[in-house]
Amino acid sequence: MTALTRLALTDFRNYESLVLKLDGRPVCLYGSNGAGKTNLLEAVSQFGPGRGLRAATLAEMTRHGAPGGWTVAATLNDEQKIGVSLDQGGSAKRSVRIDGAPASPGDLAERMRILWLTPAMDGVFRGGASDRRRFFDRIVMAHQPSHGTAASRYEKALAERNALLERGHVDPAWADAIEARLAEAGAEIAVNRALVLAELQAAIDARPEGHFPKADLALEGEAEAAALKGDDFRAIFDLLVDAYRSGRRRDVAAGRTLSGPHRSDLGVIHRPSGAPASEASTGQQKALLIGLVLASAGALSGSGAGPAPLLLLDEAAAHLDPDRRTALFGELSAMNGQAWLTGTDGYLFETFGTAAQRVRVGECSAIVEA
Ligand SMILES: Nc1ncnc2c1ncn2[C@@H]1O[C@H](COP(=O)(O)OP(=O)(O)OP(=O)(O)O)[C@@H](O)[C@H]1O
Ligand SMILES: [Mg+2]
């Protein structure tokens with residue numbers, strides 16, 4: 001079981017000081033628009049790698065008018081104290097503490113993993129490849145926390161290569177060096193993505209037929225295709241080095257790097273209809289997304305390689321018909337990781353009965369009801 005049994009915020013978004021005492025059951029946050037429900041999910045998401053559920057900067061999350069930075073602290077499974085904060089003085093760095101001692105994000109990743117679904121993801125199947133890449137990479141990061149650092153290394157090398165291309169005169173020795181770094185991070189990214197895609201597809205296939213349609217996933221990208229067919233790191237590295245080198249002339253003309261894992265896409269087929277997810281209805285897409293996240297949670301819980309994930313579902317319940325809602329609540333109650341849900345009205349969560357705890361959010365505060 002992975003659950004937050006206490007959550008305390010200081011100067012985080014609209015909360016000056018808040019303490020919630022919880023148990024392991026799903027947490028249903030309800031309250032009017034602007035009450036601070038999503039802010040609470042965002043606070044919990046700080047325990048994961050990266051910038052959290054809104055991809056906000058550390059400073060943006062500081063309460064307006066606060067004297068210093070913010071803190072999000074929690075008790076994990078009634079035993080371990082974890083905390084993340086933006087420290088006063090504005091070093092602009094996130095610091096992590098576990099049981100009072102300084103720790104790294106990696107230490108945190110060993111204790112908890114987090115998945116989320118937000119309304120901002122609703123258009124992911126219809127949007128551009130970069131949206132789907134980001135969506136999938138978040139899932140990969142939950143499975144493989146080092147994916148985030150590989151992505152940062154890739155971004156850095158990519159920016160260097162693009163700067164070189166923009167100058168129009170590419171020094172081959174320079175380019176070789178940058179492209180080697182790009183290919184190294186790129187191969188790691190591709191291997192991670194391929195691994196997680198296979199795990200996720202297996203988890204989808206193992207799910208019961210029901211209210212959340214299954215998806216057939218594909219990775220569209222040369223390096224990922226090689227990883228999926230079993231090529232090892234070295235072979236993918238070589239493939240990428242070749243692709244960057246042979247693409248130099250074209251890339252100079254374009255002023256940027258036109259091939260590599262930063263251009264890959266996630267293909268999603270809505271299995272019941274056999275059509276691309278982009279063609280499915282709004283409700284079908286939402287159900288498909290929920291199915292994907294549930295499968296991903298299942299894959300993480302089932303792998304035995306780490307703690308079960310917390311699942312943050314922002315406004316997922318409101319868009320579902322009552323049958324789907326009941327099905328979702330049933331699955332969430334049975335999960336090994338605590339689920340956090342938001343909705344504007346408490347009645348949305350009624351079918352949970354006593355299987356969940358309700359928290360009323362309003363006026364910069366939140367109260368656990370039962
Ligand atoms: N840094 C900040 N300091 C103080 N208040 C903030 C800060 N950032 C956001 N807020 C406030 O938080 C509120 C929004 O909170 P949140 O998005 O959590 O609402 P919500 O309950 O999820 O609403 P909805 O139902 O509309 O999604 C707004 O009123 C906003 O002004
Ligand atoms: Mg909200």
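**Exercise 1.** Determine which backbone atoms make polar contacts with ligand 1, and how much of the ligand the protein buries.

*Solution.* Begin at Thr62, where a backbone N or O atom lies 2.8 Å from a nitrogen atom of ligand 1; a polar contact here is a pair of N or O atoms within 3.5 Å. Next, a polar backbone atom of His64 is 2.9 Å from a nitrogen atom of the ligand, and a polar backbone atom of Ala35 is 3.2 Å from one of the ligand's oxygen atoms. Finally, ligand 1 taken alone exposes 650 Å², of which the protein buries 72% (Shrake-Rupley areas, 1.4 Å probe).

This is a predicted model, in which local features need pLDDT of at least 70 and side-chain atom pairs count only at pLDDT 80 or more, whereas totals for chains, interfaces and linings use all residues. Residues are numbered from 1 along each chain as its sequence is written, chains are lettered from A and ligands numbered from 1 in the order written, and side-chain values use heavy atoms, without hydrogens and water.

**Exercise 2.** Describe the residues that surround ligand 1.

*Solution.* Count the residues with a heavy atom within 4 Å of the ligand: there are 16, and the closest are Gly34, Lys37, Thr38, Asn39 and Arg54. Then sort this shell by class, which gives 1 nonpolar, 9 polar and 6 charged residues, with Gly counted as polar and Asp, Glu, Lys and Arg as charged.

Definitions and conventions:
Polar contact = N/O pair within 3.5 Å; in protein donor to acceptor, adjacent residues only side chain to side chain.
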